[in-house]
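Please open the structure in your viewer and keep the selection tool at hand. The tour proceeds by short steps, each with something to select and something to see there.

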Amino acid sequence: MNHYEAVFILNPVLSEQQVKETVSKFEDFLTAKGAQMVSKEDWGLKKLAYEIQHKKSGFYHLFEFKAPAESILSFETELRRDERIMRFLTVSLDKHAISWAERRREKLKVKA
C-alpha cells in the first residue's frame with residue numbers, strides 16, 4: 001500500500017451539511033476500496049488565488065491515506081464526476097513527505 005495525500009476544493013455555495021456529506025462520501029469510497037485513513041483535515045472556506053467556475057472561494061479538505069495504487073484512478077474519476085468538487089490534487093508521498101506530514105500533524109495537536 002502506498003501513502004497518498006489528496007486535497008480537494010468544494011463549491012462555496014454548499015451548506016455545511018452538504019459539505020459534510022460530500023467529505024463523508026469520499027472517505028467511505030476510499031475505505032470501501034481498501035484504503036486506511038491516516039488523517040483528515042478541514043481547512044475551511046478560503047479565498048482562491050484565481051477564480052474557478054466563477055467562484056472566488058472554496059471549502060478545502062485534506063485526506064492523508066494509505067491505499068493500493070489501483071484504487072487511486074477510480075478515486076480521482078469519482079472526484080471528477082462530482083459537481084460539488086471544483087479542483088483536486090492527489091499526490092503519492094515519499095518517506096520525506098511522510099515524516100514532514102507527521103511533524104505537521106504533531107504541531108496541529110499541540111495548537112489544539
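Begin by selecting strand β1 (residues 2-10) together with β3: the two pair in the antiparallel sense over nine bridges. The model before you is a predicted one. In general, the strands of a sheet pair through backbone hydrogen bonds, either parallel or antiparallel. Within the present pair, select alanine 6 and look across to β3, where phenylalanine 63 stands opposite.

Next, widen the selection to the whole sheet. Four strands form an open sheet in the order β2-β3-β1-β4, with antiparallel pairing. Which strands stand at the edges? They are β2 (36-52) and β4 (85-92); each has a single partner strand, and therefore one side of each is left without a neighbour in the sheet. On average, neighbouring strands of this sheet are turned by 20 degrees against each other, direction ignored.

Now add the helices. Select α2, which packs on the sheet and touches β1, β3 and β4. The direction of α2 makes about 165 degrees with that of β4. Then select helix α3 (residues 95-111), which lies across β1, β2 and β3. This helix runs at about 85 degrees to β2.

Turn next to the aromatic side chains. How many aromatic pairs does a search of the whole structure find? The search finds seven. For one of them, select phenylalanine 65 and phenylalanine 75, whose rings form an edge-to-face pair, 5.8 Å centre to centre with 70 degrees between the planes. This pair links distant parts of the chain, for phenylalanine 65 lies in strand β3 and phenylalanine 75 in helix α2 (residues 70-81), ten residues apart. Are these residues buried or exposed? Phenylalanine 65 counts as buried because its relative accessibility is 0%, and phenylalanine 75 counts as buried because its relative accessibility is also 0%. Extend the selection to Tyr4, Phe8, Phe26, Phe29, Phe63, Phe65 and Phe75, which ring pairs link into a cluster.

For the final stop, select histidine 61, which has its place in strand β3 (residues 55-67). Histidine 61 counts as buried because its relative accessibility is 6%, and buried means under 20%. With what is histidine 61 in contact, leaving aside its neighbours within four places in sequence? Display Ala6, Val7, Phe8, Leu10, Val19, Val23, Glu41 and Asp42 to see these contacts. Two of the residues shown here have appeared earlier on the tour: Ala6 stands opposite phenylalanine 63, and Phe8 belongs to the aromatic cluster.

Methods. Residues numbered from 1 in each chain as written. Predicted model: local features only at pLDDT ≥ 70, side-chain atom pairs only at ≥ 80, totals over all residues. Heavy atoms only, no water. Buried < 20%, exposed > 50% of the residue type's maximum accessible area, 1.4 Å probe, protein only. Contact = heavy atoms within 4.5 Å. Phe/Tyr/Trp six-rings, centres within 6.5 Å; stacked < 30°, edge-to-face > 60°. Pairing = 2+ DSSP bridges. Axes fitted to C-alpha atoms, helices over the stretch in contact; angles between N-to-C directions.
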